[in-house]
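Student: Please take one loop of this protein and look at it closely, then work outward to the parts around it. I would like the cut-offs stated as you go.

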Amino acid sequence: MPPAALVSLATSVPPHVFLQEDVLTAAWDVFGARFPEFERFSSIFSNTGIVKRHGVKPFDWYLERRGWPERTEAFLEGAEALFVDVAEKALASAQLAGGDVDTVVTVSSTGIATPSLEARVARRMGFRSDTMRVPVFGLGCAGGVSGLSIASRLAQARPGTNVLLVTIELCSLALRLDELTKANIVAVSLFGDGAAAIVLRAGDGGATQIEAAGEHLWPDTLGIMGWSVDPEGFGVIFRRTIPDFVTRHFNSAVTEILSRMRLSVEDIDRFICHPGGAKVICALEGALALDQGTLSHERQIIADFGNMSSPTVLFVLEQARAKGLPARSLLTALGPGFTASCVTLRHTA
């Protein structure tokens with residue numbers, strides 16, 4: 001079967017911009033008096049590498065306690081709007097319309113939508129009644145890479161059909177005022193909202209082909225990253241230091257994944273990584289034996305948008321494509337599970 005190829009790629013963010021310095025000021029007001037350890041943790045805000053982020057709601061909305069109904073209403077409204085915006089951009093770039101889409105893969109882990117998002121926007125998008133729908137939940141930050149893997153296999157299974165991948169995360173809706181924990185402070189310092197969309201087609205897709213994909217799930221790591229659930233909504237789980245985990249374990253996982261593809265690290269011309277934060281980027285460079293500063297696109301994306309979970313690595317890919325992809329790139333992301341997800345891209349000029 002012919003490999004799936006990247007026909008187009010688009011990104012989108014909601015309209016509200018939050019400067020990191022303003023978020024820190026607000027965090028002091030909210031947590032400073034109630035959480036004695038906040039002063040010690042406040043340095044996290046400057047260590048993330050973030051300058052600004054985007055949110056689906058105005059800044060003041062986040063300064064009041066919200067429950068499940070309000071968070072879900074905000075998720076549905078914001079995610080539907082972002083879906084339409086980013087999908088229309090990707091389809092226009094591919095010179096397609098909604099009626100040309102044969103399969104939609106929707107990746108999101110930051111809200112619950114049943115019916116799922118692509119069904120909710122089907123009329124606005126002009127999707128056909130026989131369009132295949134594949135909603136994917138629970139992959140977290142790895143969802144951009146794993147979603148691309150899923151979408152590419154669906155495109156490859158039916159050459160000539162158009163597969164639309166949409167990743168949407170509204171991480172800001174999970175920020176909590178009631179949780180006086182380091183994990184919540186990390187989330188407040190780190191997360192933003194965004195979406196990315198890719199059109200894939202096998203047979204005549206374009207110059208960038210999805211060559212292979214693989215994953216590695218570490219045993220006994222369920223507590224590293226994920227959601228807890230209570231009456232107010234999702235609560236973030238970070239129970240180990242992710243940069244330390246990356247330093248110790250990421251290289252061997254990538255080496256194993258590449259070996260299954262009959263490749264080695266030396267075969268990769270450019271790594272395109274999910275930037276979880278400044279320290280994670282440094283840990284990735286160390287684990288992959290890259291010179292410090294090599295992952296420049298990753299640093300720029302985290303500075304401008306924060307960690308948007310699954311779409312973030314596709315923002316990095318968009319920037320790398322604009323600068324020109326080498327012959328072979330490796331797209332990587334880490335997510336709950338705890339999982340490493342990889343996709344190799346072959347590019348011909």
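Tutor: Ser309 sits in the loop between H11 and H12. Helices (H or I, at least four residues) and strands (E, at least two) are DSSP runs, numbered from the N terminus. The model is predicted, so local features need pLDDT of at least 70 and side-chain atom pairs count only at pLDDT 80 or more, while totals for chains, interfaces and linings use all residues. Residues are numbered from 1 along each chain as its sequence is written, and side-chain values use heavy atoms, with hydrogens and water left out.

Ser309 is not a glycine, yet its phi is positive, about 60°. Its relative accessible area is 6%, so Ser309 is buried (buried means under 20% relative accessible area, exposed over 50%, partly exposed in between, with a 1.4 Å probe and protein chains only). Gly306, just after H11, also has a positive phi, of about 70°.

What does Thr167 touch beyond its neighbours within four places in sequence? Its contacts (heavy atoms within 4.5 Å) include Ser310, Pro311 and Leu314. Val107, Gly143, Gly144, Gly194, Ala195 and Ala196 are in contact with Thr167 as well. Thr167 belongs to strand E6, residues 163-170, and counts as buried because its relative accessibility is 0%.

On the other side of the loop is H11, residues 296-305, whose buried residues are His297, Glu298, Ile301, Ile302, Ala303 and Phe305. In an α-helix there are 3.6 residues a turn, so residues three or four places apart point the same way. The buried residues of H11 pack against strand E3 (52-55), strand E11 (270-273), helix H10 (278-287) and helix H12 (312-323).

H10 has its own buried set: Val280, Ile281, Ala283, Leu284, Glu285 and Ala287. H9, E11 and H11 are among the elements that cover these residues. Ala289 follows H10 and lies in the loop between H10 and H11. Like the serine above, Ala289 is not a glycine but has a positive phi of about 60°. Is Ala289 buried or exposed? Ala289 counts as exposed, because its relative accessibility is 70%.

E3 appears again in another packing arrangement, that of helix H8. The cover over the buried residues of H8 includes helix H1 (20-31), helix H2 (38-41), helix H3 (44-47), E3 and strand E10 (233-238). H8 spans residues 182-190, and eight of its nine residues are buried. They are Ala183, Asn184, Ile185, Val186, Ala187, Val188, Ser189 and Leu190.

Before E11, in the loop that comes after helix H9 (242-260), is Ile268. Ile268 is buried because its relative accessibility is 9%. Setting aside residues up to four places away in sequence, Ile268 touches Leu258, Arg328, Ser329, Leu330 and Thr344. Ile268 and Ser329 are 61 residues apart along the chain, and their C-alpha atoms are 5.7 Å apart. The chain also has a cis peptide bond from Gly337 to Phe338, with omega near 0°. Phe338 is in the loop between strand E12 (328-335) and strand E13 (339-347).

Two nonpolar cores complete the surroundings. A nonpolar core is a set of buried Ala, Val, Leu, Ile, Met, Phe, Trp, Tyr and Cys residues joined through side-chain atoms within 4.5 Å. The largest has 85 residues, and Phe83 and Phe250 have the most contacts inside it. Helix H4 (residues 68-93) gives the largest share of this core, eleven residues. A second, separate core has 31 residues, including Leu9, Leu165, Val313 and Leu325. Nonpolar side chains tend to be buried together in soluble globular proteins.

For the protein as a whole, there are twelve helices and 13 strands, and 58% of the 349 residues count as buried. Among contacts with a separation of 6 or more, 80% are between residues 24 or more positions apart.
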